[in-house]
Amino acid sequence: MLILITYDVNVTTTEGRKRLRNISKTCLDYGVRVQNSVFECEVNPAQFAVLKDRLLDTYAPAADSLRFYFLGKRGRERVEHFGAKSVKDPLHDALIL
């Protein structure tokens, strides 16, 4: 399933900047960055459960926010991109040469 993850982390403190880095690294373990705080992740239900748990363990609910958008089985077919910084599709673009 295709999941879009967005987040907003309060970075006014050292702890907030650390949370931001950790959330970003966790998302990179499961998907690709499409904008600064937006990731597309192609995961199965078990992978999503682990990913969600890791993110919820990292963020600070009083200061930060996380959003998960479920795009469905055909979600990737409905994604349109305009402008700079196109993103490689890990399912169709070769990542290893």
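Two residues are in contact when heavy atoms lie within 4.5 Å of each other. By that definition, residues 24 or more positions apart account for 64% of the contacts in this protein with a separation of 6 or more. The structure is a predicted model, in which local features need pLDDT of at least 70 and side-chain atom pairs count only at pLDDT 80 or more, while totals for chains, interfaces and linings use all residues. Residues are numbered from 1 along each chain as its sequence is written, and side-chain values use heavy atoms, with hydrogens and water left out.

## Overall build

The protein has 2 helices and 4 strands. Helices (H or I, at least four residues) and strands (E, at least two) are DSSP runs, numbered from the N terminus. Read from the N terminus on, the elements run β-α-β-β-α-β. Of the 97 residues, 29% count as buried. Here buried means under 20% relative accessible area, exposed means over 50%, and partly exposed is in between, with a 1.4 Å probe and protein chains only.

## The sheet

The 4 strands form an open sheet in the order 2-3-1-4, with antiparallel pairing. Its edge strands are strand 2 (31-35) and strand 4 (65-72), each of which pairs on one side only. Neighbouring strands are turned by 25 degrees against each other on average, direction ignored. Two strands pair if DSSP finds at least two bridges between them.

The table lists three pairings of this sheet.

| Strands | Bridges | One pair of opposite residues |
|---|---|---|
| Strand 1 and strand 4 | 7 bridges | Tyr-7 and Leu-66 |
| Strand 1 and strand 3 | 5 bridges | Ile-3 and Cys-41 |
| Strand 2 and strand 3 | 4 bridges | Gln-35 and Val-38 |

Strand 2 is joined to strand 3 by a hairpin through 2 residues. Strand 1 covers residues 2-8. Because 5 of its 7 residues are buried, strand 1 is largely enclosed by the rest of the structure. In a regular strand the side chains alternate between the two faces of the sheet.

Gly-72 has its place in strand 4, and Leu-2 stands opposite this glycine. Gly-72 is partly exposed, with a relative accessible area of 33%. Ile-3 is 69 residues away from Gly-72 along the chain, yet their C-alpha atoms are separated by 7.8 Å.

## The two helices

Two packed helices are described by the angle between their axes and the distance between the axes. Here the axes of helix 1 (residues 14-30) and helix 2 (residues 45-58) come within 10 Å and cross at roughly 175 degrees. Helix 1 is therefore roughly antiparallel to helix 2. Axes are lines fitted to C-alpha atoms, for helices over the stretch in contact, and angles run from 0 to 180 degrees between N-to-C directions. Angles under 35 degrees count as roughly parallel, over 145 as roughly antiparallel, 65 to 115 as roughly perpendicular and the rest as oblique.

On the side of helix 1, the residues that meet helix 2 are Arg-19, Asn-22, Ile-23, Thr-26, Cys-27, Asp-29 and Tyr-30. Their counterparts in helix 2 are Gln-47, Val-50, Leu-51, Arg-54, Leu-55 and Thr-58. By class, this contact has 6 nonpolar, 4 polar and 3 charged residues. Ala, Val, Leu, Ile, Met, Phe, Trp, Tyr, Cys and Pro count as nonpolar, Asp, Glu, Lys and Arg as charged, and the others, Gly among them, as polar.

Helix 2 also packs on the sheet, where it touches strand 1, strand 3 (38-42) and strand 4. The direction of helix 2 makes about 165 degrees with that of strand 4.

## Salt bridges

How many salt bridges does a search of the whole structure find? There are 2. A salt bridge is a side-chain nitrogen of Lys or Arg within 4 Å of a carboxyl oxygen of Asp or Glu.

Asp-64 forms one with Arg-19, and the closest N and O atoms are 2.6 Å apart. Asp-64 lies in the loop between helix 2 and strand 4 and Arg-19 in helix 1, so the pair ties together parts that are 45 residues apart in sequence. Asp-64 counts as buried at 7% relative accessibility, and Arg-19 is buried with a relative accessible area of 15%.

Asp-29 forms a salt bridge with Arg-54, with the closest N and O atoms 3.1 Å apart. This pair links helix 1, which holds Asp-29, to helix 2, which holds Arg-54, over 25 residues. Asp-29 counts as exposed because its relative accessibility is 51%. Arg-54 is partly exposed, with a relative accessible area of 32%.
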